[in-house]
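Work through the exercises below with the coordinates open. Try each task before you read its solution.

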Amino acid sequence: MQNKVKPNGTATLTVKGTTAELPVYSGTLGPDVIDIATLNKQTDHFTLDPGFTSTGSCESQITFIDGDKGILLHRGYPIDQLAEKSNYLEVCYLLLNGELPTASELEDYTTSITMHTMLHAQFDRFFEGFRRDAHPMAIMVGAVGALSAFYHDSTDITDPYQRLVAAHRMIAKMPTIAGRAHKYSIGQPFISPRNELDYASNFLRMCFAVPAEDYQVQEVMARAMDKIFILHADHEQNASTSTVRLAGSSGANPFACIAAGIACLWGPSHGGANEAALNMLQEIGTVDRIPEYVARAKDKSDPFRLMGFGHRVYKNYDPRAKVMQKTCHEVLEAVGHNNDPLLQVAMELEKIALEDPYFIDKKLYPNIDFYSGITLKAMGFPTEMFTVLFALARTVGWIAQWQEMIEDPTQRIGRPRQIYTGAPMRDYKPVGAR
Ligand code: CMC
């Protein structure tokens, strides 16, 4: 254990007559943890927890979630306060540095990010290697991994300055890469970043401007985009963040680690859920078909799940979903889609599911993805871009967690064990004797 945990007694575990004394630690918030690091040494047993439902993988000071109460804090600050009062770059600074910046720190940080938004000119040609119909997440995995081939001077993870430059580069360049992934897939020319625009506006312009016409970013859209970025910025030790930490634990360079995180995020149980939730709402189509889909979600013999419902950690309303619901209404009002049938299906589905004993008993509440898909669609993004936006926003969380791990003096390569249930040892037989 690193440095901020306090010893809080011991747990005793007896297995086949051997007793192990295991330290118990208290963090600032949340349940105590039993440190099982010496269990194998003491008892010659491993623990087994395939989906990590009872396993903490690290000590962290970045994000806290209380899933039962629906609380999400970044460096102690509640997510709703950050979404209402802060902005994405300030939240990035907070996640990376532990404290909110002073005015001059924020100015310096914003300038540094703004000055790193351009990509190496040769990098643009890299996109052309992909088929036009490539999923933009496929492009993101490849392009972000390829950053390590372009920016060698920020891949030495033992050098704090190089780590800082890599962090700034990724946060700055991710919108440019994501904008290009979108433009490439629709066959439009790439739009370069503009330094006078804020982070969210710049990204929207890179996605929606065309060289033939000037493009004005609507304030309500820029605000919504910024909020979506804040709401996705970090989420503790989820699958993609754990992937980044595990990749980083081997000493891999930061660009490669973030590419690994993007690959993990792509799955429909994780970041791909907003795309899947919107597809599901479209498939349901009208309010009268909701009961049929709710019945399917409850049917154990049907693999169908209500996308955008349920969460491994939140057994209460996802606090991000509350903010997202409000933003969703603001955007739909701005684009004149307030009577959008998709939203009507979403609202009714939410109501029905929240009153249904199946969902109540299993504590399945709408998660952030339930509303983010509708919002992003109304903003003009194609569904394939939804997870890309999640990856863009989560990049800072991944980097903050990666950096925390690298700076932990007790850090070792992550190497879980297993229970082996394959064939026992047996002798090889030549092919003619099988
Ligand atoms: N619809 C219907 N039943 C569900 C759903 C759902 N969306 N989610 C969970 N259940 C049921 C599940 O069948 C199981 O029932 P039983 O106990 O009878 O077997 C029970 O609830 C517990 O589910 P689980 O799969 O053991 O829970 P988990 O913690 O492993 O999975 C989850 C969490 C998010 C993968 C899952 O709730 C799910 O697949 N939801 C839909 C996909 C989704 O919206 N994902 C976005 C997550 S939020 C964004 C992010 O963090 O990436």
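The exercises go from the whole chain to one sheet, and the model is predicted.

**Exercise 1. Overall dimensions**

Task: Decide what radius of gyration a compact globule of 434 residues would have, and compare the protein chain with it.

Solution:
- Step 1. Start from the rule, 2.2 Å times the number of residues to the power 0.38.
- Step 2. For 434 residues a compact globule would come out near 22 Å.
- Step 3. The protein chain has 23 Å, so it agrees with the rule.
- Step 4. Add the extents: the C-alpha trace spans about 75 × 65 × 55 Å along its principal axes.

**Exercise 2. Burial, surface and contacts**

Task: Find what share of the residues is buried, and what carbon and sulfur supply of the exposed area.

Solution:
- Step 1. Apply the cut-off: buried means under 20% relative accessible area.
- Step 2. By that test, 48% of the 434 residues count as buried.
- Step 3. Turn to the surface. The protein chain exposes about 21600 Å², and carbon and sulfur atoms supply 53% of it.
- Step 4. Look at sequence separation. Take the contacts between residues at least 6 apart; 69% of them join residues at least 24 apart.

**Exercise 3. Charge**

Task: Count the positive and negative side chains and locate the centres of the two sets relative to each other.

Solution:
- Step 1. The counts are 41 positive and 50 negative side chains.
- Step 2. The centres of the two sets lie 6 Å apart.

**Exercise 4. The sheet β4-β5-β6**

Task: Determine how the strands β4, β5 and β6 are ordered and which of them stand at the edges.

Solution:
- Step 1. Set the inventory: the protein chain has 18 helices and six strands.
- Step 2. Three strands make an open sheet, ordered β4-β5-β6, with antiparallel pairing. β4 (63–66) and β6 (77–78) each have a single partner strand, so one side of each has no neighbour in the sheet.
- Step 3. Check β4 against β5 (residues 71–74). Four bridges join them in the antiparallel sense. I65 has L72 in β5 as its bridge partner.
- Step 4. Check β5 against β6. Two bridges join these antiparallel strands. L73 has P78 in β6 as its bridge partner.
- Step 5. Inspect the turns. The β4 and β5 hairpin has four residues between its strands, and G70 takes a positive phi near 70° there. The β5 and β6 hairpin has two, and R75 takes a positive phi near 50°.

Methods
Residues numbered from 1 in each chain as written. Predicted model: local features only at pLDDT ≥ 70, side-chain atom pairs only at ≥ 80, totals over all residues. Heavy atoms only, no water. Pairing = 2+ DSSP bridges. Buried < 20%, exposed > 50% of the residue type's maximum accessible area, 1.4 Å probe, protein only. Contact = heavy atoms within 4.5 Å. Areas by Shrake-Rupley, 256 points an atom, 1.4 Å probe, with all protein chains shown as cover. Lys, Arg positive; Asp, Glu negative; His and termini not counted. Charge placed at Lys NZ, Arg CZ, Asp CG, Glu CD.
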